[in-house]
Amino acid sequence: MQSLTVQPLIVSQSRAAYPLIREVVPTVDFKTWSRFVRRTANPRFANRSGIMVALIESRPYPSGLVAYKRDEDLRYGNVLTADHFIAFDLLDRQPIASALIAAMESMGRDLGCDTIRWNLHHKAAGVASHLLSVGHQLGGTVLYKPVGNDETRPAPEA
């Protein structure tokens, strides 16, 4: 594989990263995604939240993405929560996934986190097995139930 780097997403990359986020959140429209990027990927708050992208040298678009936020948890202490993880390549996703995982582990240490929590989309079974193979553990089950009045927001996919 060609040279692979992981770096923070900048707002001007929103459109290039949009097809990736649609893989894990198929119902998100570009306007909502753009608003999420502006809020989440603000470099002033990189110690609290952001979006990391994996870039392959010769490609003009990201090949992987993960959003993160720093939280506190009574059981796990300072937690780096990773959401919307996607590694995409037609031939071999493993190097992209490995690079994003390593970047999140490094970021967790740099931000003084005790734990990384991965919220994986139901299509990410391969990523879950990879995470388990590099020392991550199952920590519970996450269940969702919409309770708001916004009928336009779809329920999480099963």
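1. Let's start on the inside. At 0% relative accessibility, Ala82 counts as buried. Ala82 is part of strand S4. Its C-alpha atom and that of Leu120 are separated by 8.2 Å, although the two residues are 38 apart along the chain. Keep in mind while you look around that this is a predicted model.

2. Now for the core. Which residues touch the most other members of the largest nonpolar core? They are Val66, Tyr68, Leu80, Phe85, Met104 and Trp118, out of 22 residues in that core. Strands S2 (49-56), S3 (64-73), S4 (77-87) and S5 (115-119) each give two or more residues to this core, and so do helices H3 (94-110) and H4 (125-133). H3 supplies the largest share, 6 residues. As background, nonpolar side chains tend to be buried together in soluble globular proteins.

3. On to the charged pairs. How many salt bridges does a search of the whole structure find? The count is 3. In general, side chains of opposite charge can pair when their charged atoms come close. The next three points take the pairs in turn.

4. Arg59 and Asp89 make one of these salt bridges, with 2.8 Å between the closest N and O atoms. Arg59 sits in the loop between S2 and S3, and Asp89 in the loop between S4 and H3, so this pair ties together parts that are 30 residues apart in sequence. Are the two partners buried or exposed? Arg59 is partly exposed, at 28% relative accessible area, whereas Asp89 is buried, at 8%. Asp89 gets that label because its 8% is under the 20% cut-off for buried.

5. Lys69 pairs with Asp83, and here the closest N and O atoms are 3.9 Å apart. That still counts because the cut-off for a salt bridge is 4 Å. Lys69 belongs to strand S3 and Asp83 to strand S4, so the bridge ties together parts that lie 14 residues apart in sequence. Lys69 is partly exposed, with 37% relative accessibility, while Asp83 is buried, with a relative accessible area of 16%.

6. The side chains of Asp73 and Arg117 meet in a salt bridge too, at 2.7 Å from N to O. What does this pair tie together? Asp73 is in strand S3 and Arg117 in strand S5, so the link joins parts that are 44 residues apart in sequence. Asp73 is partly exposed, with a relative accessible area of 25%. Arg117 is partly exposed as well, at 27%.

7. Over to the surface, where Lys31, Arg35, Arg38 and Arg39 gather in a patch of positive charge. Take Arg39 from that group: you'll find it in helix H2 (residues 30-40). Arg39 is exposed, with a relative accessible area of 54%. It earns that label because 54% is over the 50% cut-off for exposed.

8. The surface also has a nonpolar patch, formed by Phe88, Leu90 and Leu91, with about 400 Å² of accessible area together. Where is Leu91 found? Leu91 is in the loop between S4 and H3, the loop that also holds Asp89 from point 4. Leu91 is exposed, with a relative accessible area of 83%.

Note on methods: Residues numbered from 1 in each chain as written. Predicted model: local features only at pLDDT ≥ 70, side-chain atom pairs only at ≥ 80, totals over all residues. Heavy atoms only, no water. Patch = residues over 30% accessible without salt bridge, like charges linked within 9 Å, V, L, I, M, F, W, Y side chains within 5 Å. Areas by Shrake-Rupley, 256 points an atom, 1.4 Å probe, with all protein chains shown as cover. Lys, Arg positive; Asp, Glu negative; His and termini not counted. Charge placed at Lys NZ, Arg CZ, Asp CG, Glu CD. Helix = DSSP H or I, 4+ residues; strand = E, 2+ residues; numbered from the N terminus. Buried < 20%, exposed > 50% of the residue type's maximum accessible area, 1.4 Å probe, protein only. Core = buried A, V, L, I, M, F, W, Y, C linked by side-chain atoms within 4.5 Å.
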